[in-house]
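Please work through the following exercises with the structure open beside the text. Each task is followed by a solution that goes step by step.

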Amino acid sequence: EIWLGKVIKGSRFENNVYVVGGAVRGFCMGLNIKDIDLVITNIPDGGLLFAEWMEKTGHTKGSVVTYPTYGTAMFKPSEFPEVELECVMTRGEQYHDKNSRNPETYFGTMEDDAFRRDLTINALYMKVENGEILDPTGKGLEDMENHLIRITNTNPDIVLTDDPLRSLRVCRFASRFGWKIEKETYKALIRNADRLEIISKERIQDEFVKILLSKNPVMGMELLQDTGLLIQFIPEFGGLFDMKQNIYHDFCTVWEHTLKVVQHASVMYEDDLKKKKLLMLGAVLHDIGKLTTMTMRDGKVHFYNHEFESERMSREILRNLKFPNDVIDEVCFIVKNHMRFKGAGDNTPKDKSIRKFQYECKTKERFELAVKLMHADNLSHGKKYCLPNQGIKILNRSNELVESGDL
């Protein structure tokens, strides 16, 4: 930032360039900063003009990418080519179509710009000349200190009605940091949950996956449930929140068990987001089929063949959310097979059974994902019926068979 302050000294952009949003939030919290967004104040089309000026004065590396419709530009500074800067003028927004989240934008003040943003902690501005932080909403720094997630507008209904995707973003940031949601914002989430219907499935998918990959996915799932947002895009869960299970689950609900599986799965792939995404989706959906397979026999609850119904329903749910086919196939495979070795108890299944499953999986990655879902599920059963060692034993024996060539 100090470097950029020196570059613009004496130009029309002096005292008009600010870092904004996530980079400022990350700076205040001592986090690593990946992306840097800039706003240009007091100059209409300032984002485009600033990028053009930076290029003309030899401070960009490679080409400048512009989006005139949105008044934004992206470039890499020649002094720091590993950093990508996105810049835009300060702007306000007006929503005219209640069936669209695409607003009409106009050149505005820093205050206009701050209040069009989603959260107070994302509406902080840092002056590039001296690092001074401005807080136009008057709540950003305070909320950061108090660990609160709050909509910028004092009437959060306006924000969540105009752009319902921000309801999911509120839950995502809360689960990302483990912070509470400010009470009026929380109430507004509940009141506006059904507005999510105007959001594209692709955007919902993106936010949902980010919640599952956050540091607190169980918290995120609970927020989605409590606010009524989850059943807007996975309505099948509505029937599972209160569905009691049997002795094997200590009579907890299907939902409570699902959250336990999500928690166990969340720590299994810390450094591989691709695999973690597949496993987390499998954890969320592995028992969704219990919705239609619950039966009572001799006074006991049963869910015969629920894994196959879960596979079928998972495919429909993931297709509806516009997941790519390869993701759908992987998730549905591990969901279908999460009961595969239950009959072996907390022991190593026979080599013949492991070999057969290796063959069906076709790849080591799929085999590993399937067993890890089994393991997360096993750990989430009742104390007398969980199988804490089975998954580890299966993976160890599988590796031995591969190394020995005994397949």
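**Exercise 1: A pair of helices**

Task: Describe how helix H13 and helix H16 cross, and which residues make the contact.

Solution: In this predicted model, the axes of helix H13 (residues 273-285) and helix H16 (residues 325-336) come within 9 Å and cross at roughly 50°. An angle from 65 to 115 degrees would count as roughly perpendicular and one under 35 degrees as roughly parallel, and H13 and H16 are therefore oblique to each other. As for the hand, the crossing of H13 and H16 is right-handed. On the side of H13, the contact is made by Lys277, Leu278, Leu279, Leu281, Gly282 and Leu285, while H16 brings Val327, Glu330, Val331, Ile334 and Val335. Sorted by character, the residues of this contact are eight nonpolar, one polar and two charged.

**Exercise 2: Helix H2 and its surroundings**

Task: Which residues of helix H2 are buried, and what covers them?

Solution: Begin with the helix itself, which spans residues 22-29 and in which Ala23, Val24, Arg25 and Gly26 are buried. Next, look at what covers these buried residues, which includes the strands E1 (17-20), E2 (36-40), E8 (125-127) and E9 (133-134), together with the helices H5 (140-146) and H7 (165-177). Finally, follow the chain to glycine 30, just after H2, where phi is positive, at about 75°.

**Exercise 3: Cysteines**

Task: How many disulfides does the structure hold, and is cysteine 171 buried or exposed?

Solution: The structure holds zero disulfides. Cysteine 171 has a relative accessible area of 0% and is buried, whereas cysteine 28, with a relative accessible area of 32%, is partly exposed.

How values were computed. Residues are numbered from 1 along each chain as its sequence is written. This is a predicted model: local features need pLDDT of at least 70, side-chain atom pairs count only at pLDDT 80 or more; totals for chains, interfaces and linings use all residues. Side-chain values use heavy atoms; hydrogens and water are left out. Axes are lines fitted to C-alpha atoms, for helices over the stretch in contact, and angles run from 0 to 180 degrees between N-to-C directions. Helices (H or I, at least four residues) and strands (E, at least two) are DSSP runs, numbered from the N terminus. Angles under 35 degrees count as roughly parallel, over 145 as roughly antiparallel, 65 to 115 as roughly perpendicular and the rest as oblique. A crossing is left-handed if the near helix is turned anticlockwise from the far one by less than a right angle, and right-handed if clockwise. Contact means heavy atoms within 4.5 Å. Ala, Val, Leu, Ile, Met, Phe, Trp, Tyr, Cys and Pro count as nonpolar, Asp, Glu, Lys and Arg as charged, and the others, Gly among them, as polar. A disulfide is a pair of cysteine sulfur atoms within 2.5 Å. Buried means under 20% relative accessible area, exposed over 50%, partly exposed in between (1.4 Å probe, protein chains only).
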